[in-house]
Amino acid sequence: KVAIKGIERELICPACKELFTHPLILPCQHNICHKCVKEILFAFEDSFADGGSESSNQSSPRIRISASSMDRIDRINRSGRKRNSLTPRSTLFPCPSCQRDIDLGERGINGLFRNFTLETIVERYRQAARAAIAIMCDFCKPPPQESTKSCMDCSASYCNECFKIHHPWGTVKAQHEYVGPTTNFRPKILMCPEHEMERVNMYCEICRRPVCHLCKLGGGHANHRVTTMSTAYKTLKEKLSKDIEYLISKESQVKAHITQLDLLLKETECNSERAKQEASQSFEKLYYVLEEKKSAALRAIETSKNIRLEKLQTQVEEYQGLLENNGLVGYAQEVLKETDPSCFVQTAKQLHVRIQKATESLKSFRPAAETTFEDFVVDTAKQEDILGDLSFHSNGLEIPEINEEQSRMYNKALISWECPGKTDSADIYVLEYHKLNKEEESVTWQKTEVCGKSKVLSDLDDDSSYAFRVRGYKGSICSPWSREVIMRTPPAPVFNFLFDDKCGYNNEHLQLNPRRTSVESRAGFPLLLGSERLQVGCYTTLDYIIGDTGIAKGKHFWAFNVEAYSYLVKVGVVPSNKIQKLFHNTHDVTSPRYEQDSGHDSGSEDAFFDSSQPCTLVTLGMKKFFIPATPAAPKDPASRILPLPSCLGICLDCDRGRVGFYDAGRMKCLYECEVDCSGLMYPAFALMGSAAVHLEEAVTAKYREYHEDI
């Protein structure tokens, strides 16, 4: 037999760290005290009502909730549950053992089984640990006598006299089951917590819990695989017995492992002390270098001070000599008293030179030394940054890399990264970024901690370039910084709109998706039937569609994608007073080209067609971007054809009357021109043949999660 006192570790509740009291079995198969479950769920409600979890944690001295559990309490509270009765209403419960959020179902605590087996073992342990403490009779008049029996049917303890009184011979109570003194009273029949009048007689193999026949017929276990209770009892008991026998047979191996672990404990202690000494030595070296630099700087300042004081003191003495009856002036006054011309001339010549120098210095007074010590200011900004990054570096922690293809700059910035080995070896990541500014000499990095591998930033300035870098942390160990990636924000705030499915929308040629964020044009039978009777060249139809929101003032930017298979797409802006002209263009498949044709292929017809357009558009198609033919454009047609970017952007500045077309991936302007913004301006698109346009989706906090789910 296993000694009772040797299994105390298995009898401790993970929440209150005390012996189990009325333990309940959670769906994750871990045990917890009934009172602890209620206290933790009430802590959820209190922390939600108080706006924090600190007060609720302090209000329950019996329970010890870890920091991670409190974080999960805050997370569950943000789901919006409120406490409105004395019964806890939260259905999510953070298991203290496995640290997972467990769904308790609609019945909550009432749907959990009480672990009577564990309760019996705890009671035996209590009796072994407190053999000297007797269990007193529940029915004696004060002072109570020591009990000798406990009735399992009455759930009470009795002394001999009280037992005879309450269980008289020849009555039904005389048939009650009694045992030695105990405080652990368990029912003879285990009842279903969901159907309180039904006893459990089956075992659900999927949920791994006892169920009754009503649970199987129409409850939550209707489609689950179940077995009889006797079969489950026999099967589980055989498995448990075999596993216990195996562990007992491996006792020597277990002891060897324990011996090895004891050695590892000692080795860990020694290695940690050695690491502390090495870290201390490293910091002592830094202290020594700093002390040397400090002493050298202070000596230099002291030397400079002494030299300056000496120069200023000398200058003071010279000017004091210019006072009457003092110094140089006094000496000159005495020389003037000389009456012998030869002696006077001999002395006065040199004296006159000194007097002239003193006079000149008096006219242009200048201190002999500077009083400021600006040259002795120590710049430690770079060193502070380096010391701020000082941490334990590990070769085993992979350097993350920012994925420029998955990162986006739009209404917000989405920065994504990954590890080369595709393994998430870091516990947390630190993303740093700063705005590129040539005028600033020192760089100030902004820092944010991220638990995942992407971060959405919303505090960036428009039309600015930013540098990004990321590193991983695992405890106190960090990886080196990743390669810096430079990305540019849009030139203006992002303008949100959808395709208009009412104004001029041709549903025979164009097809919108339900969200009105994508439009597709297909070259179908209408185009063939319209062209069938024509024997000469013609102007084919451009199917137009505009945005559902207009722009009256300010500067705005929007982006979109054009499918690579698109034959012809035109994009730009149209004023509100020309929308009707846009949708009633007379150039369609029923108008033969020879009506406009001059009889030769000079291209003048195309120039006439382009100049007659009511809106400002550029042409895309066949994976190309065509710069319009303007006086400022290159004369060579080949130089006006650019590769079609994966994402295009349009920037409309109503105040300046200009519109620009951008490579939205690099935020580089490809073409810019003037536009008349006297009216309300709408985004405009035209498609011909097989083509498709998709509006760029705004970046939100859930953007990356949404696309990963897709």
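**Exercise 1. How many of the eight residues of strand 16 (residues 428-435) are buried?**

Solution. Keep in mind as you work that this is a predicted model. Start with the cut-off: a residue is buried when its relative accessible area is under 20%. Applying that along the strand gives six buried residues out of eight, so by this definition strand 16 is mostly covered.

Next, look at its partners. Strand 19 (residues 465-474) is joined to strand 16 by eight bridges, and the two run antiparallel. To check the register, find His-434: its bridge partner in strand 19 is Ala-467. Then turn to strand 17 (residues 446-450), which is antiparallel to strand 16 and linked to it by five bridges. Here Val-430 stands opposite Glu-449.

**Exercise 2. Trace the seven-stranded open sheet and find its edge strands.**

Solution. First, recall a general point: strands of a sheet pair through backbone hydrogen bonds, either parallel or antiparallel. In this sheet the pairing is antiparallel, and the order reads 22-23-34-25-30-31-32. The edges are strand 22 (510-512) and strand 32 (668-674), each of which pairs on one side only. From one strand to the next, the twist averages 20°.

Now zoom in on one edge. Strand 22 meets strand 23 (residues 518-521) through three bridges, with the two running antiparallel. One of the pairs to locate is Leu-510, whose bridge partner in strand 23 is Ser-521.

**Exercise 3. Which residues have the most contacts inside the largest nonpolar core?**

Solution. This core has 49 residues, and the best-connected within it are Trp-558, Phe-560, Leu-652 and Phe-685. Ask next which strand supplies most: strand 25 (residues 555-562) does, with five residues. Strand 25 also belongs to the sheet of Exercise 2, where it sits between strands 34 and 30 in the order.

Then take Trp-558 and leave aside residues up to four places away in sequence: among those it touches are Tyr-410, Phe-495, Phe-497, Val-573, Leu-652 and Phe-685. Finally, look for a second, separate core; this one has 24 residues, including Leu-19, Leu-24, Ile-32 and Val-122.

**Exercise 4. Step back and describe the protein as a whole.**

Solution. Begin with the elements: there are 15 helices and 34 strands. Move on to burial, where 34% of the 710 residues are buried. The exposed surface comes to about 45000 Å², with carbon and sulfur atoms supplying 53% of it. Last, consider contacts with a separation of 6 or more: 63% of them involve residues 24 or more positions apart.

Conventions. Residues numbered from 1 in each chain as written. Predicted model: local features only at pLDDT ≥ 70, side-chain atom pairs only at ≥ 80, totals over all residues. Heavy atoms only, no water. Pairing = 2+ DSSP bridges. Helix = DSSP H or I, 4+ residues; strand = E, 2+ residues; numbered from the N terminus. Axes fitted to C-alpha atoms, helices over the stretch in contact; angles between N-to-C directions. Buried < 20%, exposed > 50% of the residue type's maximum accessible area, 1.4 Å probe, protein only. Contact = heavy atoms within 4.5 Å. Areas by Shrake-Rupley, 256 points an atom, 1.4 Å probe, with all protein chains shown as cover. Core = buried A, V, L, I, M, F, W, Y, C linked by side-chain atoms within 4.5 Å.
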